[in-house]
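Reader: I would like a close look at one part of this model, the charged side chains that pair with each other, and then at how that part sits among the rest. Please take it slowly and give the cut-offs as you go.

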Amino acid sequence: MDNLSNISVVKDILSRHGFTFSKSLGQNFLINPTVCPKIAEMGNARQGFGIIEIGTGIGVLTNELCKRAEKVVAIEIDERLKPVLEETLNEYDNFKLILSDVLEVDLHKLIADEFEGLDVAVCANLPYYITSPIIMNLLESRLPIKSVTVMVQKEAGTRLLAKVGSRDMGAVTVAVNYFSEPKLLFNVSRGSFMPAPNVDSCVIRFDIRENTPEGVSDEKFFFKTVRSAFSQRRKTLCNSVSSSMGLDKSVVAAAIEQSSLSPSCRPESLTMEEFITFSETLKKLI
Ligand code: SAM
């Protein structure tokens, strides 16, 4: 169905199915007709590609994905949307719905079972309450995918798009830049959604790196160190890491010195290479 961003069509479908929005599931559906075609086109929905969509709503983005991609598998947690999607997507035979929490789905298996011979990309207008866990789960599990294109609220976008070594960065900034090259595609105003949220959104594409940065011998330890570094934002790297990892300050200070960093440096001043050197040095000292 092509007019799923038309407010009267959306209202009619929802009322016929007795559907009411769930705030706790982050249900803000897109009603701006220009947004979904752009996400689909810029998000690699084309022949030769299988797309995983997270959170279908009534299928407004799914419809644009199905038109363009070879196959679309969508994961939606809200079972009440099943009959809605049977109506709105009934013309497509390249669509499959999985009713589940995306964080519970074995995505490696899904890709192997559903997308043999295809390149794979993820596209989604993400539920805002689990933006970071979903993005980190997609990136950290090293899925065989080309890109992740997601709509997120502006605030989350600021961290995800921050440059490593800049004031806006956080642990998630280091992680997304380790696995991918993030790029802002476009901004979306709050009025593009029903119901309208209190903030604007933006669409980001993470192009997955074929090779992650060199020099990390233990990814688990690396990301633990990064998270500890940002656990108390106003503290120095030394204070933050020692208190969060339960380490003696002198050990952390030695790792900082041996990594040629300033004793009073703060985590947001470190580059990716400096984080790697620091975590490798720390690992050898403890
Ligand atoms: N794609 C639709 C659109 O753009 O109008 C809906 C986007 S809405 C922001 C987020 C969707 O994700 C909702 O349909 C919601 O039910 C679903 N959702 C929320 N939590 C989820 C989870 N843990 N796993 C899968 N889907 C989830």
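Author: The side chains of Lys67 and Glu64 meet in a salt bridge, with 3.3 Å from N to O; a salt bridge here is a side-chain nitrogen of Lys or Arg within 4 Å of a carboxyl oxygen of Asp or Glu. This is a predicted model, in which local features need pLDDT of at least 70 and side-chain atom pairs count only at pLDDT 80 or more, while totals for chains, interfaces and linings use all residues. Residues are numbered from 1 along each chain as its sequence is written, and side-chain values use heavy atoms, with hydrogens and water left out.

Both Lys67 and Glu64 belong to helix H3 (residues 60–68), where they are 3 residues apart, about one turn of the helix; helices (H or I, at least four residues) and strands (E, at least two) are DSSP runs, numbered from the N terminus. Glu64 counts as buried because its relative accessibility is 8%, whereas Lys67, at 41%, counts as partly exposed; buried means under 20% relative accessible area, exposed over 50%, and partly exposed in between, with a 1.4 Å probe and protein chains only. The pair also belongs to a network of salt bridges that links Asp2, Glu41, Glu64, Lys67 and Arg68.

In general, side chains of opposite charge can pair when their charged atoms come close. A search of the whole structure finds 15 salt bridges, including one between Asp78 and Arg80, at 2.7 Å from N to O. Asp78 is buried, with a relative accessible area of 7%, and Arg80 is partly exposed at 36%. Another joins the side chains of Arg205 and Asp207 at 2.9 Å, N to O; here Arg205 counts as buried at 16% relative accessibility, while Asp207 is partly exposed at 26%.

The cysteines can be treated in a similar way. Cys66 counts as buried at 4% relative accessibility, but its sulfur lies 11 Å from the closest cysteine sulfur, in Cys123, and is therefore too far away for a bond. Cys265 is likewise in no disulfide, the nearest cysteine sulfur, that of Cys238, being 8.6 Å away, and Cys265 is buried at 8% relative accessibility. With a disulfide taken as a pair of cysteine sulfur atoms within 2.5 Å, the count comes to 0 disulfides.

As for the wider fold, 7 strands form an open sheet of mixed pairing, in the order S4-S3-S2-S5-S6-S9-S7; two strands pair if DSSP finds at least two bridges between them. Strand S4 (95–99) and strand S7 (180–188) stand at the edges with a single partner strand each, so one side of each has no neighbour in the sheet. On average, and ignoring direction, neighbouring strands are turned by 20 degrees against each other; axes are lines fitted to C-alpha atoms, for helices over the stretch in contact, and angles run from 0 to 180 degrees between N-to-C directions. Strand S2 (residues 49–54) runs parallel to strand S5 (residues 119–125) and is joined to S5 by 5 bridges, with Phe49 opposite Asp119 in S5. Helix H7 (residues 154–161) packs on the sheet, touching strand S6 (147–153), S7 and strand S9 (201–208), and its direction makes about 135 degrees with that of S6; contact means heavy atoms within 4.5 Å. Helix H8 (residues 171–179) lies across S7 and S9, running at about 115 degrees to S7.
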